Amino acid sequence: MAEYEYEDIDQGESGSINFDFRGYLFKVLNLWKFVLACIGVALIIAYFINVRKQNVYKLDSLISVENDQNPFFTANTSISFNWGGVSGKMGKTITTLQTRTHNEKVVDSLKSYMNYFVEGKYRKVDVYKDAPFVFELDKTKPQVLGHFIGVRFLSGDSFEIFTEFESEKGSGQIYDTKARVPVSLPVGPFSKQYQIGELIDLPFLHGVIKPRNERTIKSGLEFFLQFSNFDNVVHGYKQGIGVKPYSNSSASVLVLSLAGTNKAKIVDYLNTTAVILSESELERKNLYATNTIKFIDSSLAAVNANLKDYGEEMNTFRKENKVFDVSMEMTEISNKLKDLESQKEVEITKLNYLDALETYLRTKTDYTRIAAPSSVGIEEANIMSSVSKITALAIERQSMEYSMREDSEIFKDIDRRINAEKNVLLETIDATKSTIKTLMNSLQRNIANLEAKLSGLPEDQQEFLKIQRKLDISQEAYNVYMDKRSEAAIVKAANVSDISIIDEAKDIGGGLIGPNKSLNYMMGLMLGFFIPMFLIFVIFLLDHTIHGSDEVERLSKIPIIGLIGKYRYHNNLVVFEKPKSAVAESFRSIRSSLQFLLNKAPREGGRTIMITSSVSGEGKTFCSINVATVYALSGKKTILLGLDLRKPKIFDDFNLSNDNGMVNYLIGEKPFDEVKYQTHIDNLDVVPAGPIPPNPSELLMSPKLKELIATLRENYDIIILDTPPLGLVTDALELVKYADTSLFMIRLDYTKKGMLQLINAKYRAGEIKNIHFILNFYKHKTNHNYGYGYGYGYGYGYGVYGNAYHESGDKGIFKKVKAFLKRI
């Protein structure tokens with residue numbers, strides 16, 4: 001509420017704006033019931049939020065990230081690569097746990113896109129594994145998304161599928177391919193009965209319902225299935241999973257955390273994500289050994305086929321030629337030849353491996369599938385080191401593809417390192433191939449010399465020795481490959497994942513993190529208090545009505561002569577009909593104050609008192625009638641003139657007709673005696689206003705009124721002038737010159753503060769003299785009237801004085817609410 005303070009009215013008027021904190025405080029105190037009610041409503045809302053909101057739990061588990069190495073074949077070769085130490089692996093593990101690819105595996109493993117519900121008090125509640133049955137869905141067929149499908153058990157071995165659809169079309173998902181497809185839905189209520197274990201083949205549901213862990217299913221139980229979009233579920237877990245180091249002192253331990261409404265579901269997800277992470281890590285760690293075993297297996301297949309063929313060839317030759325033995329000398333030569341041919345086969349195998357490796361390096365971009373060089377007997381340290389480095393970098397790059405863009409600087413750096421190492425390896429391969437070819441030429445010469453020595457034998461013996469050598473060479477190659485494969489398999493089996501679970505997630509009864517009921521109650525308490533305080537503050541700022549005598553004193557230096565309380569009565573004759581009432585006492589006090597003022601300026605004849613107000617509805621007519629009555633009852637000969645020619649009112653309370661009055665006298669139509677009426681109150685005469693004229697201001701300026709006032713001063717002690725409101729028309733200013741004193745009515749909680757500016761200005765200009773305020777609707781105990789030290793303050797007021805210049809009509813909603821708040 002803006003306050004306009006005025007300096008002394010004799011010195012002028014200056015306006016300044018300040019905030020009346022005391023007024024605001026008392027306004028709040030006056031509306032304490034409203035504030036208390038708002039707090040109560042807010043706390044009730046907080047209660048319903050607390051009871052309706054699902055509990056949210058947060059559980060965690062601990063995993064360890066180590067960096068173990070495992071030698072493969074030789075001390076210089078490893079199928080487990082160092083990705084930058086534990087700290088580097090920690091960062092990659094954290095990233096992996098929050099990737100879509102990893103969470104897709106977990107969601108798919110747990111079928112987290114399928115949920116079981118029961119009907120709760122406020123909502124459907126997720127029961128997860130507490131449901132006594134499991135729905136084994138057909139992943140190759142679509143399941144409707146986002147719709148609750150009811151399952152009502154009719155007996156221990158039968159149930160009913162029920163639901164209701166509003167549209168013929170819906171969205172479904174095939175969880176095998178994760179494809180979204182449209183599904184046709186039966187509009188309206190739907191129900192169909194099935195036996196436990198019977199195939200459900202509906203347009204919106206495909207699968208089989210079976211008991212969970214052989215649990216007994218009671219009849220009458222009712223559950224709901226709901227399928228969610230796979231990508232949305234994965235995204236939710238991807239955003240929800242929390243990963244952070246356990247502590248600074250435990251740099252290799254991670255804490256996995258997840259929040260949700262079902263603790264069993266949280267436990268399963270955390271434990272499953274750790275298991276899948278460990279398996280994926282072990283799979284990547286064994287990738288080198290796995291590729292090597294695949295390469296050896298393919299070689300073994302070829303060697304085994306050769307061995308079988310050569311064995312059959314030897315058996316056939318023996319049957320046909322009857323050759324079972326040769327001389328010792330030729331046998332030794334044949335054995336030497338076999339050794340040379342075995343060496344040649346080894347070199348050919350190495351050469352084939354190097355050719356395949358070179359082609360692979362030049363044509364492929366995925367270098368994670370390179371077999372170990374030692375699997376074919378290549379012991380060249382540079383080749384083994386380069387292959388190991390390239391494979392390690394390729395695996396590192398592959399692990400980062402989940403979370404980084406392809407144009408990332410990290411990828412570019414890894415690619416540069418791979419290319420550099422690849423170029424070095426290609427040069428090493430060329431040099432090694434040249435060395436092998438030189439060795440093979442030497443072996444070929446030695447083989448030719450030994451074959452020349454055998455050429456003197458009969459052809460059947462030469463053929464026998466040739467087949468025997470091929471058979472022995474194939475057998476030795478087979479044995480070597482089998483040994484290599486066994487070594488690789490042993491290393492792979494001995495490998496353990498770098499990820500190990502230290503502390504599994506487990507429901508031990510805690511983990512509740514929400515809703516924060518205390519916080520909700522505190523927020524409700526704060527909102528319930530501050531919202532009404534703010535509303536009161538806004539109303540207080542926008543309220544420009546006068547509420548107390550202290551405000552009148554601040555806004556004007558015009559003195560207050562009396563206070564009239566609020567009093568409900570059926571007419572305005574309160575002083576006459578209720579002489580012992582407190583409001584009658586108030587008017588007698590006003591009469592005493594008026595006598596003191598009038599006696600300070602004595603003059604001959606009767607005294608004239610003008611009563612006016614700023615607007616209608618402030619009690620001007622009520623005050624005029626009762627001031628006149630209180631003077632008449634004191635023995636003063638009194639006359640009440642109805643000079644409010646625009647909206648005459650005073651005639652009604654005296655049961656008079658308004659057909660003749662001041663207007664008829666002023667226009668010369670009737671003599672004064674014919675418009676003057678003697679009332680039933682002794683010593684009180686009344687002159688009503690009469691019919692409404694077209695020119696009220698001109699009539700009040702008539703010389704006849706001046707003559708009338710002079711005549712009345714000779715015949716009456718007190719002349720009361722009931723005038724029009726000063727703030728609406730200028731008629732009252734025409735009557736000021738006839739008044740010995742003027743009374744200005746202020747109705748508390750009604751009169752606007754701006755109206756006091758008007759009366760202050762007219763007072764300073766000398767247009768109104770000897771004026772005093774009367775406060776109507778005064779309440780002594782009101783908190784608005786703080787700080788004022790005098791007045792009667794009885795809880796009374798005037799009766800049925802109506803609006804004279806403004807027809808209010810029905811109150812609007814805002815006014816009704818405002819009136820209700822004022823009554824609180």
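**Helix packing, cores and backbone details**

H1 passes H12 in a right-handed crossing. The model here is a predicted one, and this helix pair is a handy place to start. Helix H1 spans residues 21–30 and helix H12 spans residues 517–542; their axes come within 10 Å and cross at roughly 125°. Since an angle over 115 but not over 145 degrees falls outside the parallel, antiparallel and perpendicular classes, H1 is therefore oblique to H12. On the H1 side the contacts are made by Gly23, Tyr24, Lys27 and Val28, and on the H12 side by Met533, Ile536, Phe537 and Phe540.

Two isoleucines of H12 fill in the picture. Ile536 lies in this helix and is buried, its relative accessible area being 1%. Leaving aside residues up to four places away in sequence, Ile536 touches Tyr24, Lys27 and Val28, plus Leu31, Phe34 and Val35. The chain has to travel 508 residues to get from one to the other, yet the C-alpha atoms of Ile536 and Val28 are separated by 7.0 Å. Ile539 also belongs to H12, but this residue is partly exposed, at 35% relative accessibility. Its partner for a distance check is Lys27: the two are 512 residues apart in sequence and 9.9 Å apart in space, C-alpha to C-alpha.

Just ahead of H12 there is a backbone oddity. The peptide bond from Gly514 to Pro515 is cis, with omega near -5°. Pro515 itself sits in the loop that runs between strand E21 (512–514) and H12.

Zooming out, the protein chain is built with 23 helices and 29 strands. Of its 824 residues, 49% count as buried. Among contacts with a separation of 6 or more, 78% come from residues 24 or more positions apart.

In soluble globular proteins, nonpolar side chains tend to be buried together. Here, the largest nonpolar core holds 57 residues, and the members touching the most others are Phe133, Phe135, Ile161, Ile200, Phe204 and Leu205. Helix H6 (residues 263–285) supplies the largest share of this core, with 7 residues. A second, separate core has 44 residues, including Leu643, Phe672, Leu705 and Ala739. Back in the 57-residue core, Ile161 gives a feel for the surroundings: with residues up to four places away in sequence left out, its contacts include Ile149, Val151, Phe190, Tyr194, Ile200, Leu202, Leu205 and Ile209. The list is not purely nonpolar in side chain, as Ser191 and Lys192 are also touched by Ile161.

Cysteines are quickly dealt with. A search of the whole structure turns up 0 disulfides. Cys623 is buried, at 0% relative accessibility, whereas Cys38 is partly exposed, with a relative accessible area of 21%. The cut-off for buried is under 20%, so Cys38 falls outside that class.

Two residues other than glycine stand out for their phi angles. Lys178 has a positive phi of about 65° and is found in the loop between strand E12 (169–174) and strand E13 (179–184). Its relative accessible area of 22% makes Lys178 partly exposed. Phe777 likewise has a positive phi of about 65°, but the setting is strand E29 (residues 771–778). There, Phe777 is buried, with a relative accessible area of 13%.

Conventions. Residues are numbered from 1 along each chain as its sequence is written. This is a predicted model: local features need pLDDT of at least 70, side-chain atom pairs count only at pLDDT 80 or more; totals for chains, interfaces and linings use all residues. Side-chain values use heavy atoms; hydrogens and water are left out. A disulfide is a pair of cysteine sulfur atoms within 2.5 Å. Buried means under 20% relative accessible area, exposed over 50%, partly exposed in between (1.4 Å probe, protein chains only). A nonpolar core is a set of buried Ala, Val, Leu, Ile, Met, Phe, Trp, Tyr and Cys residues joined through side-chain atoms within 4.5 Å. Helices (H or I, at least four residues) and strands (E, at least two) are DSSP runs, numbered from the N terminus. Contact means heavy atoms within 4.5 Å. Axes are lines fitted to C-alpha atoms, for helices over the stretch in contact, and angles run from 0 to 180 degrees between N-to-C directions. Angles under 35 degrees count as roughly parallel, over 145 as roughly antiparallel, 65 to 115 as roughly perpendicular and the rest as oblique. A crossing is left-handed if the near helix is turned anticlockwise from the far one by less than a right angle, and right-handed if clockwise.
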